[in-house]
Amino acid sequence: MCGIMGYTGKKNSIPIVINGLKSLEYRGYDSAGIAYIYKNDIKIIKEKGRISNLENELEGDSSNTCIGHTRWATHGEPSRINAHPHKVGNITIVHNGIIENYNELKNKLIKEGYKFKSETDTEVACAIIDYYYKKLNDKIKVIEKLKDVLKGSYAFLILFQGDDKIYATKCGSPMIVASSMNGNFIASDIPAILSYTKEYFLLDEHDIAILDKDFIKFIKDGKEIKKEKLIFQFDTEVASKGGYKHFMLKEIHEEPKVVKDYLDYYFENFDLIPDISKYRKIQIVACGSAYHAGLIGKFLIEKYGSIEVNCYIASEYRYQLNFIDKNTLVILVSQSGETADTIASLRLAKKNKAKTLGIVNVVGSTIARECDSVIYINAGAEIAVATTKAYVNQVLTFSLIAYKLGLKNKLLTEDIKKEYYKLPNEISKMLKLDYHKLALKISKQNNVFFIGRLIDYYLCLEGSLKLKEISYIHSETYPAGELKHGTISLIDSGTIVISIVTDENISEKTVSNIKETKARGAYVILLKRDDIIVDETCYDEIIDIEKMSDLAMAILTIVPLQLLAYYVSDVKGLDIDKPKNLAKSVTVE
Ligand code: G6P
């Protein structure tokens with residue numbers, strides 16, 4: 001959360017940092033600011049709201065060194081005062097993360113005579129750096145001291161008064177460094193540098209980077225170190241909408257290709273899909289949509305592997321009793337590979353000697369690096385805050401793990417491969433359906449219900465999350481059989497109930513539950529596997545989905561729900577790619 005960007009070099013750094021920040025806006029967008037070196041001093045400009053608001057405040061200056069920040073508020077409301085950069089004494093910083101012991105440090109600093117203008121933890125971190133800089137008078141020693149003084153997570157860019165270099169360090173929040181003929185860059189994520197270079201260095205925990213106009217230096221434990229140069233594999237096209245109205249729509253339309261490329265690659269390199277049959281206990285840990293993908297993973301692994309699987313929300317898992325031992329496999333699912341709670345769960349699992357497997361999109365991210373092994377989902381960069389194509393490839397990954405188990409257990413034959421290869425075409429068919437009429441109807445609602453059983457329930461959870469996160473319509477998801485234990489009292493004349501029926505073993509049961517809602521006046525939208533016969537009186541609108549093996553069905557069925565959520569939000573004229581209060585990469589607890 002929060003995007004940071006810095007540049008020092010021959011060019012005017014201000015537009016470079018502003019453009020970099022725009023590509024990081026998915027990390028937070030409630031206020032933004034920059035600090036640049038101007039006439040031997042540091043000038044700070046910040047503004048509440050989007051980066052476009054900040055641009056209106058710019059004064060046309062030129063500078064060779066600039067740092068910037070786009071904020072997702074944690075401590076203190078979105079406001080100009082709380083926006084970064086913060087300056088205390090000789091120090092100016094931008095920060096991504098949370099300093100957990102900031103109150104204690106603040107009280108100590110107040111006794112030392114420091115005064116604070118904002119409510120942020122960042123201003124306290126800035127004052128701490130100033131305090132130790134005055135004591136130690138050595139920039140590197142001060143930055144190294146931070147790991148003993150600060151509790152929590154951080155990625156900092158630091159400007160020292162009178163020095164035109166950018167200093168940086170990180171703990172628990174990502175940071176990449178890159179160089180070009182014309183200068184050096186540092187940022188929270190790769191999109192910020194993609195217009196200049198595809199090569200970058202990744203900072204590890206407590207590394208220090210020093211960026212000068214002409215060189216980059218990395219320091220660890222007081223000594224200069226060399227770092228491996230990495231290459232971003234994907235197309236630079238990712239940074240543009242490619243003619244689509246929103247990144248979300250573009251990313252949904254990429255699904256046929258992303259799925260096909262994934263299948264080609266992993267069927268060619270099938271050894272990369274691990275055989276997990278030796279584990280007797282499997283735990284899947286994730287947040288948000290990745291958790292929903294994990295639930296589908298649970299269903300498929302249990303069915304084809306006969307192994308008990310439990311699925312946990314990472315923010316709970318890290319604090320609950322969990323019976324991990326060296327025979328447990330813990331699977332961490334994360335698009336970004338940087339979600340704070342998922343990282344903490346991974347470290348807990350490793351501490352308890354479990355084997356860990358990451359299912360990750362971002363190459364070289366913390367989870368990818370720290371897990372014992374990793375499967376990259378190869379979905380390409382995802383810019384829209386609401387995940388779509390990455391979720392699809394997370395589910396596909398679980399599906400291939402289950403497929404491998406099914407082959408081993410002789411429950412499946414290689415014939416199923418044909419089913420997988422039908423997916424790109426079937427997804428394309430879903431993309432072509434007209435969702436406008438339904439979207440208009442849903443857009444007028446305050447509440448929507450999603451019901452399904454087992455795998456259909458897990459799909460409902462994701463469909464419902466998509467709808468609420470981007471359209472701001474409240475939706476409630478229930479296992480179909482559970483509805484009558486309370487929530488059915490909220491179903492009234494015209495209430496929209498969206499139901500999924502793709503599992504023939506329980507379709508009749510779900511249909512009975514749908515009828516219970518119909519009897520109370522519900523307007524039912526049914527997503528149904530096309531061969532399952534249901535009585536026409538049980539729905540008002542129907543979307544038929546091609547019959548496939550459940551290994552592929554789950555991937556196909558989510559597509560109409562992603563599109564429905566998209567079009568509802570579009571009808572309402574909302575900011576689809578950047579829904580309010582959300583961020584794509586949640587690097588705080
Ligand atoms: C945020 C995003 C979700 C995502 C979740 C987990 O809430 O908005 O789309 O599913 O984080 O993120 P991860 O990067 O760990 O998959």
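**Close-up views of the internal cavities**

**Figure 1. The second largest cavity of the predicted model.** About 70 Å³ of space lies in the second largest cavity. Its lining is formed by Cys2, Arg71, Trp72, Thr74, His75, His84, His95, Asn96, Gly97, Thr120, Asp121 and Thr122. Two elements, β6 (91-99) and α4 (121-136), each supply two or more of these lining residues.

**Figure 2. Make-up of the lining of the second largest cavity.** Which element gives the most to this lining? The strand β6 does, with 3 residues. Sorted by class, the residues around the second largest cavity comprise 8 polar, 2 nonpolar and 2 charged. Three histidines, His75, His84 and His95, are among the lining residues, as are Arg71 and Asp121.

**Figure 3. The largest cavity and the residues closest to its centre.** The largest cavity holds about 390 Å³ of space. It is lined by 29 residues, of which Asp189, Ile190, Pro191, Ser336 and Val362 are the closest to the centre. The class count for the lining of the largest cavity is 15 nonpolar, 9 polar and 5 charged residues.

**Figure 4. The largest cavity in relation to the two domains.** Domain 1 (3-232) and domain 2 (240-432) each contribute at least three residues to the lining of the largest cavity.

**Figure 5. Cavities in the whole structure.** How many cavities of 30 Å³ or more does a search of the whole structure find? The search finds 4. Among them are the largest cavity, with about 390 Å³ of space, and the second largest, with about 70 Å³.

Methods: Residues numbered from 1 in each chain as written. Predicted model: local features only at pLDDT ≥ 70, side-chain atom pairs only at ≥ 80, totals over all residues. Heavy atoms only, no water. 1 Å grid on protein atoms, 1.4 Å probe; cavity = no way out; pocket = protein on both sides within 12 Å on 5 of 7 lines; lining within 4 Å. Points joined across faces, edges and corners; volume = space filled by probe spheres on them. Nonpolar A, V, L, I, M, F, W, Y, C, P; charged D, E, K, R; others polar. Domains from an automatic or database assignment. Helix = DSSP H or I, 4+ residues; strand = E, 2+ residues; numbered from the N terminus.
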